[in-house]
Amino acid sequence: MEQKLYVRALKFFLIIVVTILFFFPIYWVFSMAFKPFPEWTAAGGQIFWYPHHPTIDNFRAIFSRKLEMSPIAGTAIRPIVNSLTVSIIGTGIAMVVGVFAAYGISRHKAGGNLPFMLLQLRMFPPIAILIPIMIMWAFLRMIDTWYGLVIIYGVVTLPFSVWLMKTFFDDIPKELDEAAIVDGCSNIGAFFKVVIPLAKGGIASTALFVFILNWSDFLIALILTDRRWTTIPVHISKLQSAMVGALYGPKAALAMIAAVPPIIFGIMIQKYLVRGLTFGAIKK
Amino acid sequence: MAHIVLDSLVKRFGKQTAVDKLSLEIKDREFIALLGPSGCGKTTTMNMISGLLKPDEGDIYFDGQSVIGTPPGKRGVGFMFQNYAVFTFLNVYDNIGFGLKIRKLEEDEIRRRVNEVARLLQIRHLLSMSASALSINDMQRVALARSMITEPKIFLLDEPLSNLDAALRATMRAELKKIQQEAGQTAVYVTHDQVEAMSLADRIAVMNFAVLQQYDTPYNVYNRPTNLFVANFIGSPTINFFEGVYKKGAFAVSDFKDGAIPVSRKFHKDVEESLTQERVVVGVRPEHLKVRGDKKGSSLNLKAKIVSYEPLGSKTVVYMHPDGNPDVIVKSVMGSGYKPKLGEINFIDFEEKNVYLFDKQTEDLALRFS
């Protein structure tokens, strides 16, 4: 049935409104990053909807040794390296543990109540346990270390990796493992030769998800790091000065840079993100 | 090459007993079918033979040697799964050669054997194709090739034809049988389809609720079913059962108004001896039960009303209610020329030699009148 014109117009209108709503912050960060100081500061009381005099001064500023306007923030190179290090290692921990645990839970019903206990970890926000953890970490001298942060990242995202991977493993018919075992594989051999290749898509998308969680974390890094291991989100928050307040221009520039790794990662694994690789192995 | 003995196997899943004290002997080169409804334990049995499951009790012997401690890959079994379990991330060649690669054979040897099996199953043209692009028919052949390539002495097939369409199923049935005979393997075939079991197997093991009901040739399973379950499970349309009591040389069946089925004098003693008590179930297969307009020449006075029928071409299946009981369906298989009239009340007739007599108490076959 042909839709009435006004119905279609309304639909398009709604789509456009929602799209603007979602894209505006991205646009705002993007445009802000290229605005010179007078355009991004709130001082003039004037809003610039786009950079009238585009400049890369903001990028220069965040990478300079000493930020002129803010004495507390140093160069952003170290936080970028830090963020990459802790996010990648934290994701690695969550994925390695998560994949093995999920396989055990999915195939051998291992762990009894463990899967649900893991899920309970998500019932309260991580911040609720951060104070005790900070105290423990202080005793263990793990504040402001990469491993102190990485352990927490791995643990906090573990429920996601376990439960996401479990659903992917559940989707792989167990006859495929069994066929490999009858063909001479050991249990572990079947896992690596058959199950892992089939779960590649799931592993990739779970890893991306976990990576984004770790990458965008602010609270944990804020509390558990101080100077040497501050991450990008923490560094962004430090970009302010007594004179001008928040340094929106440099903040936007760093936020833009921060968006790059997840995007690259996403493009890299794009072909695995299409679910349904395992469908077709089996006629249901 | 391989003679299999299952010795009182027991497998439990939690509180559920999946297989209960199963003992079977499968001769070398024999083709046997495990037949039964869903959840009767046939696939569990198969998985125990292959080694994928460990029995809780009992033992399994291949050629007199216990294989309980042997991992599946070393038992010399080929397994074909119902859903084929083709590895979609590999191409057809790698799928077929998978087992050989695991066994670390030379690349040349693998190529030679894959080509050989592919030729046998006429899938050589598919070898370089991705397995995910295969049609269901080709996938079935690839699965067959993969389970054959290691030259197993025992071939386990778990409902391998149930995903195919009817026409192809018949072709593949013949092909499977031929391949098994040529390769000289012992084959165990799991199915819930009695036609497959009857047409393929040398012997059929009928299972229900984890227990083996009967293990015999297709002929005997049909003609001498050990109990009500087997009689009911084998045969299509299913057998007619009439409950009643044995009294004074006749069965009085309650579904009919004048439901007397007389027994010839020479069988009186046999009937009395075979029953533990007087309550019986009389079984008559639809193909032996005829619909007649009159009762000429018949000793029976059983009337039934035709309620529906299925003209199947080569035969016509007629469904009737016995006059005394609209809840009971009586089935009859008539010739293709038979034209039933709905609502018509007819006599039904069958010969004594075609009657299966069951003891109502034990549900076991008591007697065949032949």
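Trainee: Let's start with strand β17 of chain B, residues 315–322. How many bridges does β17(B) form with β18(B)?

Mentor: Keep in mind that this is a predicted model. Strand β17(B) covers residues 315–322, and its pairing with β18(B) is antiparallel. As for the number of bridges between the two, the count is six.

Trainee: And which residue in β18(B) stands opposite Lys315(B)?

Mentor: Lys315(B) belongs to the stretch 315–322, which is β17(B). Look across to β18(B), which runs over 330–335. The residue there that stands opposite Lys315(B) is Gly335(B).

Trainee: Okay, now the whole sheet. Which strands are at its edges?

Mentor: The sheet is open and has five strands, with antiparallel pairing, in the order β15-β19-β16-β17-β18 of chain B. An edge strand here pairs on one side only. That fits β15 (290–292) and β18 (330–335) of chain B.

Trainee: By how many degrees are neighbouring strands of this sheet turned against each other on average?

Mentor: We're still on the open sheet of five strands in chain B. Ignoring direction, the average turn between neighbours is 50 degrees.

Trainee: Let's move to Gly14(B). Is Gly14(B) buried or exposed?

Mentor: Gly14(B) is in the loop between β1 (4–13) and β2 (16–26) of chain B. It has 6 C-beta neighbours inside 10 Å. A residue with 12 or fewer counts as exposed, so Gly14(B) is exposed.

Trainee: How far apart are the C-alpha atoms of Gly14(B) and Tyr215(B)?

Mentor: Along the chain, Gly14(B) and Tyr215(B) are 201 residues apart. In space, their C-alpha atoms are separated by 27 Å.

Trainee: What about domains: how far apart are the C-alpha centres of domain 1 and domain 2 of chain B?

Mentor: Chain B splits into domain 1, 4–232, and domain 2, 237–368. Their contact draws seven residues from domain 1 of chain B and ten from domain 2 of chain B. On the domain 1 side, those residues are three nonpolar, three polar and one charged. The distance between the two centres is 39 Å.

Trainee: Last one: where does the largest share of the side of chain A that touches chain B come from?

Mentor: The contact between the chains takes 18 residues from chain A and 21 from chain B. By class, the chain A side has eleven nonpolar, three polar and four charged residues. Both α8 (174–182) and α9 (187–215) of chain A supply at least two residues each to that side. The largest share, six residues, comes from α8(A).

Notes:
Residues numbered from 1 in each chain as written. Chains lettered and ligands numbered in written order. Predicted model: local features only at pLDDT ≥ 70, side-chain atom pairs only at ≥ 80, totals over all residues. Pairing = 2+ DSSP bridges. Helix = DSSP H or I, 4+ residues; strand = E, 2+ residues; numbered from the N terminus. Axes fitted to C-alpha atoms, helices over the stretch in contact; angles between N-to-C directions. Contact = placed C-beta atoms within 7 Å. Nonpolar A, V, L, I, M, F, W, Y, C, P; charged D, E, K, R; others polar. Buried ≥ 20, exposed ≤ 12 C-beta atoms within 10 Å, placed from the backbone. Domains from an automatic or database assignment.
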